[in-house]
Amino acid sequence: MSAVQELKSGLWHWKARHPEWTPGQHWDQVVSSYALDDGERLLLFDPLAVPSEILELATDRKPVIVLTAPWHEREARSLVERLAAPVFVPPPDTQEDLMHKYGITAEQAAGGSPDVAWLLAGDSGEAHFYSAGDRLPIEIEAFPGREHNDLVLWIESVGAVVCGDTLADFGRGFEMPAEWLRKGVTHEQVAAGLRPLLKLPVELVLPAHGAPTDRAALERALA
């Protein structure tokens, strides 16, 4: 795990090794997580291996977990059990979603995705499912990404965009990775849904894969 970096007052970034990474994948084993102290809540974005100094802040704030995609649950369940934090997350893929995305049979897709199944089952945690176009009650706006449940978030209070898997840096520079676009989905289609962000006062761009970057990088990625 890397040292915590304060990007601006109340906004932090750190990196950790993803436990499900395997050699040969095109994304790096080290992934990014973020935290925001908004004075009332401690928002944890796609959290993994949350540093102790960040967790300590939760004693004086209401902790909230925010996932940009359901498969980014990472350590969400253990954090929910530890902090009693609600979870904001896009809905996991249904059986029909998996069939459409991957061209698999109903039998192969039976039951849908196992992502955040514990939340759906009500085993633990308070679930808040959200979609593109929603304005979350935690002062965050959701924009469409490369999939209906891989979303890009706008945090007005700190001028930051949190990009999930739609925009990333795999060592080629910050971009929309072509290898993660589903067949039939084009760069232009996804970029069109995200260009309204360029009308906003974006200062920071926070990818799950890659280091924090800036507005200029976002403009290039959406060109």
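For a chain of 223 residues, a compact globule would have a radius of gyration near 17 Å, and the protein chain, at 17 Å, agrees with that expectation. This is a predicted model, so please read everything below in that light. Taken along the principal axes, the C-alpha atoms fill a box of roughly 50 × 45 × 35 Å. Buried residues account for 50% of the 223 residues. The accessible surface comes to about 10,200 Å², and carbon and sulfur atoms own 49% of that area. If we look at contacts between residues at least 6 apart in sequence, 50% of them join residues at least 24 apart. In secondary structure terms, the protein chain holds 6 helices and 15 strands.

**The six-stranded sheet**

Let's turn to an open sheet of 6 strands, which has the order 8-9-10-11-14-15 and mixed pairing. Its edges are strand 8 (135-136) and strand 15 (213-214), each of which pairs on one side only. As a reminder, strands of a sheet pair through backbone hydrogen bonds, in either a parallel or an antiparallel sense. Three of the pairings are set side by side here, each with a pair of residues that stand opposite one another.

| Strands | Sense | Bridges | Opposite residues |
|---|---|---|---|
| Strand 9 and strand 10 | antiparallel | 4 bridges | Glu 147 and Asp 150 |
| Strand 10 and strand 11 | antiparallel | 3 bridges | Trp 154 and Val 161 |
| Strand 11 and strand 14 | parallel | 3 bridges | Ala 160 and Leu 204 |

Strand 10 takes part in two hairpins, so it is a good place to pause. With strand 9 it forms a hairpin that has 2 residues between the strands. The hairpin of strand 10 and strand 11 has 4 residues between the strands, and there Gly 159 takes a positive phi near 60 degrees. Further along the sheet, strand 11 (residues 160-162) meets strand 14 (residues 204-206) in the parallel sense.

How many residues of strand 10 are buried? The count is 6 of the 6, so strand 10 is largely enclosed by the rest of the structure. Both of its faces are covered: Asp 150, Val 152 and Trp 154 are buried on one side, and Leu 151, Leu 153 and Ile 155 are buried on the other. Two of these residues also appear in the table: Asp 150 stands opposite Glu 147, while Trp 154 stands opposite Val 161 in strand 11.

A helix belongs in this picture too. Helix 5 (residues 187-194) lies across strand 9 (140-147) and strand 10 (150-155), and runs at about 175 degrees to strand 9.

**The aromatic pair**

The structure holds 1 aromatic pair. Phe 170 and Trp 180 form it in an edge-to-face arrangement, with 4.9 Å centre to centre and 80 degrees between the planes. Which parts of the chain does the pair tie together? Phe 170 sits in the loop between strand 12 (168-169) and strand 13 (174-175), and Trp 180 in the loop between strand 13 and helix 5, so the pair links parts that are 10 residues apart in sequence.

Are these two rings on buried or exposed residues? Phe 170 has a relative accessible area of 14%, and it is buried because the cut-off is under 20%. Trp 180 likewise counts as buried, at 14% relative accessibility.

Conventions:
Residues are numbered from 1 along each chain as its sequence is written. This is a predicted model: local features need pLDDT of at least 70, side-chain atom pairs count only at pLDDT 80 or more; totals for chains, interfaces and linings use all residues. Side-chain values use heavy atoms; hydrogens and water are left out. Two strands pair if DSSP finds at least two bridges between them. Contact means heavy atoms within 4.5 Å. Axes are lines fitted to C-alpha atoms, for helices over the stretch in contact, and angles run from 0 to 180 degrees between N-to-C directions. Rings of Phe, Tyr and Trp (its six-membered ring) pair if their centres lie within 6.5 Å; planes under 30 degrees apart count as stacked, over 60 as edge-to-face and the rest as tilted. Buried means under 20% relative accessible area, exposed over 50%, partly exposed in between (1.4 Å probe, protein chains only). The radius of gyration is taken over C-alpha atoms; the globule rule is 2.2 Å times the number of residues to the power 0.38. Accessible areas come from the Shrake-Rupley method with a 1.4 Å probe; for residues, only the protein chains shown count as cover.
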